[in-house]
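Hi everyone, thanks for having me. Let's get the protein up on the screen and walk through a few bits of it together.

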Amino acid sequence: MSTTKPIPDPELEAFLALLAARRSPRTVDAYRRDLHRLSAFLGKPLARATLEELERYTAELRAEGLAATTIARRTAAARSFFRHLQLLGARTDNPAAELALPRRVRTLPRTLSPGEAERLIAAANGVGPRALRDRALVELLYGAGIRVSEAVGLERGGVDLDERLVRVAGKGGKERIVPVGRPAVDALRRYLARGRPFLDRRHRPELFLNAKGGALTRAGAFLILRRLAADAGLEPGRVHPHLLRHSFATHLLEGGADLRSVQELLGHADLGTTELYTHVTDRRRRELYYRAHPHAKRIPRNGTDDSRPPHDDLDGRGGGDRLADDSRGTGEERTRGPA
């Protein structure tokens, strides 16, 4: 069986064309890559795949050492394709639905501490147009907890500075209204008055513009945050836009916000996704207890005080950094160019 080149498959291309009418281009590209890989492995049109062949494919993915999340994503693409064939009457079964998948381990999101978040924001302290844009961007990402795709997709009219509200188009085009704090509003005012006019060479509607006057991209936002992280003395490879979203949610819950409100602010369809942040706050509360209470301090074998529990991690570095709604694009981080 070939594993390098997909064969022509009209039914697959028809499925992708239909998908393009309902899903984002990035989602369609991901489906295309995953299904073409499967097609190349099979060496025949996907519509003729059997359960045994799909089982051999997933076994091969496991043998390659791929993460459970990657295997699950590729299987989900296959399930969607066969479900499409079922709806058309081209197949009566969905062989991908019968596949046994490796257990997915849901890891805790990484976060910045409040002090680290302030240091990151303070690093954007210039007065030039790009510096003012960078300050407004990082204040908005942390102050409103929006996704990077939502931030770069914002138009000038989507921000109401007087009411301190941002109108965000989330996943699936679902719109939500997010309040923003005064620091973010002040940063946006400065950017709109003294920064954006100097960048707006092409009369673009987007709020955030790059050095050439075009819309700021996700890759550009990644580069901006990494540059600011280096200036703030943080680890650049650790800082990305979604980290600020994680930090926004965690700090709200630590400050006493209720879970439902945080769910609405983040735009999560499933409360279970938001509940993951409660584990982060619980971990930090345990850490504070172990550090602060005299009877909670542990005495290790060497006889010295050890107030830190062995598996706790105050700044969240021990966990993974992806959630179900994580829109980070690792490929885009390698993009270079003026931001």
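Okay, one bit of vocabulary before the tour: a crossing of two helices is left-handed if the near helix is turned anticlockwise from the far one by less than a right angle, and right-handed if clockwise. Keep in mind too that what you see is a predicted model.

So, take helix α11, residues 241-254, and helix α12, residues 259-266: their axes come within 10 Å and cross at roughly 160°. Anything over 145 degrees counts as roughly antiparallel, and α11 and α12 are therefore roughly antiparallel to each other. And the handedness? The crossing of α11 and α12 is right-handed. Where they touch, R245, F248, A249, L252 and L253 from α11 meet L259, V262, L265 and L266 from α12.

Now for the strands. β2, residues 165-169, runs antiparallel to β3, with five bridges joining them. R167 sits opposite I177 in β3. The two strands make a hairpin with five residues between them, and G172 in the turn has a positive phi of about 70°.

Which side chains of β3 are buried? R176 and V178, which point to one face, are buried, while E175, I177 and P179 point to the other and are not.

Last thing, how far to trust it. The mean pLDDT of the protein chain is 82, with 78% of its residues at 70 or more. Helix α9 has the highest confidence, at 96, and helix α13 the lowest, at a mean of 65. Over residues 303-337 the pLDDT is below 50, although this stretch has 89 contacts in the model beyond near neighbours in sequence. Where pLDDT is low, the predicted coordinates shouldn't be read in detail.

Key:
Residues numbered from 1 in each chain as written. Predicted model: local features only at pLDDT ≥ 70, side-chain atom pairs only at ≥ 80, totals over all residues. Heavy atoms only, no water. pLDDT = per-residue confidence, 0-100. Helix = DSSP H or I, 4+ residues; strand = E, 2+ residues; numbered from the N terminus. Contact = heavy atoms within 4.5 Å. Buried < 20%, exposed > 50% of the residue type's maximum accessible area, 1.4 Å probe, protein only. Pairing = 2+ DSSP bridges. Axes fitted to C-alpha atoms, helices over the stretch in contact; angles between N-to-C directions. Parallel < 35°, antiparallel > 145°, perpendicular 65-115°, else oblique.
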